[in-house]
Amino acid sequence: MSRQSPRKVPPPAAHALAGELRAFAGKLKRRLREQADAGDLPPSQVSVLLRLEKDGPTTASHLARIEGMRPQSMGPIIAALESAGLVRGSPDPGDGRQTILSLTEACRVRIDEGRAARQDWLSRSIAARLSPAEQQQLASAIVLLRRLVDD
């Protein structure tokens, strides 16, 4: 029987703060999502597009591994994205049996426009709803929030 070190229980204040922060993060994410029309893409398709943007061109089987799904499940996602003109496939120069998937220029424009819309909404909200002193407090809070998530 292996011994595990006892897990520290956070103080009640930290536990409550964690709950507030989690709820806030979810609400902020929803509000930002509302600001840029994602074209009603399901989360699985959005995830693949963001992965291709971040990591660059790759194969469907590699995407499936990274996304934690079976390659057979990735097929319909890729087909829908190709049909929408967001992803294109080209033969792998090293292995003609494989197809390398990449974002189309139209998809890159759509991603950039969506980010710009979210950034604009958030910038306007900060300027309209927070005083200069509160904006400085927000900047200080962001430093602390980064410490929570940075490795």
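**Fold and salt bridges in a predicted chain**

The protein chain has six helices and two strands (DSSP runs: H or I of at least four residues for helices, E of at least two for strands, numbered from the N terminus). This is a predicted model, where local features need pLDDT of at least 70, side-chain atom pairs count only at pLDDT 80 or more, and totals for chains, interfaces and linings use all residues. Residues are numbered from 1 along each chain as its sequence is written, and side-chain values use heavy atoms, leaving out hydrogens and water.

Student: In what pattern do the elements of the protein chain follow along the sequence?
Tutor: Just read it along the sequence. The two strands sit together in the pattern, with helices on either side: α-α-α-α-β-β-α-α.

Student: What is the radius of gyration of the protein chain, and is it spread out or compact?
Tutor: The globule rule (2.2 Å times the number of residues to the power 0.38, with the radius taken over C-alpha atoms) is the yardstick. For 151 residues it gives 15 Å, and the chain is well over that, so it is more spread out than a compact globule, at 21 Å.

Student: Which residue forms a salt bridge with R51?
Tutor: A salt bridge here needs a side-chain nitrogen of Lys or Arg within 4 Å of a carboxyl oxygen of Asp or Glu. The closest N and O atoms of the R51 pair are 3.5 Å apart. Its partner sits four residues away in helix α2 (residues 43-55), about one helical turn. That partner is D55.

Student: Which residue is linked with R51 and D55 in a network of salt bridges?
Tutor: R51 and D55 already pair up. The network of salt bridges also takes in E67.
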